[in-house]
Amino acid sequence: MEKTTISERPSWDEYFMKLAWLVAERATCVRHHVGAIVVRNKRILTTGYNGAAAGVNDCISLGCLRNALNIPSGQRHEICRAIHAEQNAIIQGGYHGINIKDSTLYCTHSPCILCAKMIVNAGIKRVVTNIEYPDNIFKELFSEAGIDFSTLQLNNLSITQLL
């Protein structure tokens, strides 16, 4: 029997970022599908995606109020029904009693300033993103708080499988 090998395994950062994109597929936001994963010591602690609070109607069923009011991305966060992916990942830690201090957050998109404040207070030490929003106000906060931030370019989101 011939053994099949993979020519290049993804790095740990690439692996977790691909998983964040998979988590994003559960999002109920009609504007952006965002996924986040909290990891420590190469182990997934929590995940989160952007969507309405548990048990309430989401934007898929109700429509997007932000779209209806022509509110640009990154503004008037309080109008949105969705909880951001980063917030949901942090909340899941608290809800299930999982310590996320000194972890890494992998998120498909860079955080808004509200999420950045939560990331700082949750004790997350590193944030890796794939897509940066034009609003970079969070970077100054991360720098001051000593959070390592980086953008990872993914050239291939496909899943390699052995046949």
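This passage describes a hairpin, a buried serine, two nonpolar cores and the cysteines of a predicted model.

Strands S1 (residues 35–40) and S2 (residues 43–49) are paired in the antiparallel sense. Six bridges join them. At one end of the pairing, glycine 35 stands opposite tyrosine 49 of S2. The two strands form a hairpin, with two residues between them. In the turn, asparagine 41 has a positive phi of about 55 degrees.

Serine 103 lies in a loop between helix H4 (85–96) and strand S5 (104–109). Its relative accessibility is 1%, so serine 103 counts as buried. The side chain of serine 103 reaches the backbone oxygen of isoleucine 100 at 2.5 Å. Beyond residues up to four places away in sequence, serine 103 touches Val38, Val39, Arg40 and Leu45. Gly123, Ile124, Lys125 and Arg126 are also touched by serine 103. Val38, Val39 and Arg40 fall within S1, which spans residues 35–40. Leu45 falls within S2, residues 43–49.

Isoleucine 124 returns the contact with Ser103. Leaving aside neighbours within four places in sequence, isoleucine 124 is also in contact with Ile90, Ile100, Thr104, Leu105, Ile119 and Ile147.

The largest nonpolar core has 18 residues. Leu105, Ile119, Ile124, Val127 and Phe142 have the most contacts inside this core. Two or more residues come from each of S1, H4, S5, helix H5 (113–122) and helix H6 (138–145). Another core, of 10 residues, lies apart from the largest one. Among its members are Phe16, Ala20, Tyr106 and Leu152. In soluble globular proteins, nonpolar side chains tend to be buried together.

The cysteines form a separate topic. A search of the whole structure finds zero disulfides. Cysteine 107 is in none. For cysteine 107, the nearest cysteine sulfur is that of cysteine 115, 7.6 Å away. Cysteine 107 has a relative accessible area of 1% and is therefore buried. The sulfur of cysteine 112 also has cysteine 115 as its closest cysteine partner, at 3.7 Å. A disulfide requires sulfur atoms within 2.5 Å, so the distance of 3.7 Å is too far for a bond. Cysteine 112 has a relative accessibility of 12%. Buried means under 20%, so cysteine 112 counts as buried.

Methods
Residues are numbered from 1 along each chain as its sequence is written. This is a predicted model: local features need pLDDT of at least 70, side-chain atom pairs count only at pLDDT 80 or more; totals for chains, interfaces and linings use all residues. Side-chain values use heavy atoms; hydrogens and water are left out. Helices (H or I, at least four residues) and strands (E, at least two) are DSSP runs, numbered from the N terminus. Buried means under 20% relative accessible area, exposed over 50%, partly exposed in between (1.4 Å probe, protein chains only). A polar contact is a pair of N or O atoms within 3.5 Å; within protein, one must be able to donate a hydrogen and the other to accept it, and residues adjacent in sequence count only if both atoms are side-chain atoms. Contact means heavy atoms within 4.5 Å. Two strands pair if DSSP finds at least two bridges between them. A nonpolar core is a set of buried Ala, Val, Leu, Ile, Met, Phe, Trp, Tyr and Cys residues joined through side-chain atoms within 4.5 Å.
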